[in-house]
Amino acid sequence: MKKTEALEKLFDQWSAAHKFEVFCKDGIVDEKTYNEQELNVLLILKDVNNAKPGEEVDLRKSLVTRTDEGRTWFNAARWCSGLLGEKYDKTKYMDSLKQHEVMKRVAVINLKKEAGGARASDECILTYSKNDAEQIRKEIEICNPDLVITCGRVVFECLKNIIYEFKPDEGNLYGKVVFDGKMNKYGNYFDISKFLHKEKPVYIVEYRHPNQATLQGTLAEHYENMLKIRDFVLDKQ
């Protein structure tokens with residue numbers, strides 16, 4: 001079964017179990033393009049905002065069609081360019097066409113599948129992560145990433161403490177990619193390869209949300225951080 005088909009089956013079961021007014025689909029944006037990459041990159045965020053009851057929400061479609069979400073997805077696309085190995089500086093130029101091109105190459109999921117308001121509190125995300133931990137693990141397994149970037153500290157904490165339940169004594173599974181400047185508190189990682197039945201490590205790396213990235217570093221600095229993450233992962237593999 002193709003990954004996209006497996007995701008659709010999972011979403012049908014997930015949606016039926018919860019009866020959300022709006023179930024927000026996500027995952028691998030374009031399976032053919034995703035499979036062609038040297039690294040399968042997965043971004044994980046909190047939730048989708050402001051959907052209306054009865055509205056169809058599918059992040060896989062909106063990431064390659066919408067032109068009004070540049071605050072978040074222009075930065076995410078810049079980051080993915082670095083993670084995917086574009087070694088030249090793409091930080092000074094981004095538009096919707098380039099965003100669509102880059103995001104076709106990755107996977108993106110939200111922990112909270114029910115659409116909400118303009119903001120979701122950390123407590124809200126923790127609750128959804130607890131309730132849907134099994135489904136979230138399954139979705140990540142289907143996406144079969146080589147690298148996971150969490151967009152926000154609470155997302156990293158939910159994955160580490162709730163969804164995968166890592167314990168402090170698992171020593172070598174934890175570490176830190178060292179960033180310079182304002183992002184030096186980020187970069188923590190842990191390995192989920194055993195959950196994905198892979199021999200090579202699959203790191204979940206803590207990063208901040210892209211829509212306010214320039215509060216903690218410049219566009220160029222974030223891009224360089226993504227290259228550091230890529231080099232670290234490839235070195236470990």
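How many of the residues of E3 are buried? In this predicted model, the count is 5 of the 5, so the strand is largely enclosed by the rest of the structure. Let's use that strand as the way in.

E3 covers residues 41-45, and neither of its faces is left open. On one side sit Val41, Leu43 and Leu45, on the other Leu42 and Ile44, and all of them are buried. Now look sideways, along the sheet. E3 runs parallel to strand E6 (residues 147-151), and 4 bridges join the two. Within that pairing, Val41 has Leu147 as its bridge partner, while Leu43 is partnered with Ile149. Strand E5 (residues 107-110) is also joined to E3 by 4 bridges, again in parallel, and here Leu43 stands opposite Val108. As background, strands of a sheet pair through backbone hydrogen bonds, either parallel or antiparallel.

Zoom out a bit and the whole sheet comes into view. It is an open sheet of 7 strands with mixed pairing, and the order reads E2-E5-E3-E6-E9-E8-E7. The edges are strand E2 (27-28) and strand E7 (174-176), each of which pairs on one side only. Helix H10 (residues 219-236) packs on this sheet, where it touches E6, strand E8 (188-191) and strand E9 (203-207). The direction of H10 makes about 165 degrees with that of E9.

Step back along the chain from E3 and you land on Asn40, in the loop between helix H2 (31-35) and E3. Is Asn40 buried or exposed? Its relative accessibility is 10%, and because the cut-off for buried is under 20%, Asn40 counts as buried. Setting aside neighbours within four places in sequence, its contacts are Tyr34, Asn144, Pro145, Asp146 and Leu147. Leu147 is a residue we have already met, as the bridge partner of Val41.

Next, the helices. Trp14 belongs to helix H1 (residues 3-18), and at 1% relative accessibility it counts as buried. Leaving out residues up to four places away in sequence, Trp14 touches Phe23, Lys113, Asp132, Gln135, Ile136 and Glu139. Take Ile136 from that list: it is 122 residues from Trp14 in sequence, yet the C-alpha atoms of the two are 9.8 Å apart in space.

Helix H4 (residues 70-83) is another mostly covered element, with 12 of its 14 residues buried. Among the buried ones are Trp73, Phe74, Arg78 and Trp79. From first C-alpha to last, H4 reaches 19 Å, close to the 20 Å expected at 1.5 Å a residue. Just after H4 comes Gly85, which takes a positive phi of about 100 degrees.

Finally, a helix pair. Helix H6 (residues 122-131) and helix H8 (residues 153-163) pack at an angle of about 35 degrees, and their axes are 10 Å apart. The crossing of H6 past H8 is right-handed. Asp122, Ile125, Leu126, Ser129 and Lys130 supply the H6 side of the contact, meeting Val154, Cys158, Ile162 and Ile163 in H8. By class, that contact has 6 nonpolar, 1 polar and 2 charged residues. A handy reminder for reading such lists: an α-helix has 3.6 residues a turn, so residues three or four places apart point the same way.

Methods:
Residues are numbered from 1 along each chain as its sequence is written. This is a predicted model: local features need pLDDT of at least 70, side-chain atom pairs count only at pLDDT 80 or more; totals for chains, interfaces and linings use all residues. Side-chain values use heavy atoms; hydrogens and water are left out. Axes are lines fitted to C-alpha atoms, for helices over the stretch in contact, and angles run from 0 to 180 degrees between N-to-C directions. A crossing is left-handed if the near helix is turned anticlockwise from the far one by less than a right angle, and right-handed if clockwise. Contact means heavy atoms within 4.5 Å. Ala, Val, Leu, Ile, Met, Phe, Trp, Tyr, Cys and Pro count as nonpolar, Asp, Glu, Lys and Arg as charged, and the others, Gly among them, as polar. Two strands pair if DSSP finds at least two bridges between them. Buried means under 20% relative accessible area, exposed over 50%, partly exposed in between (1.4 Å probe, protein chains only). The expected span of a helix is 1.5 Å times one less than its number of residues.
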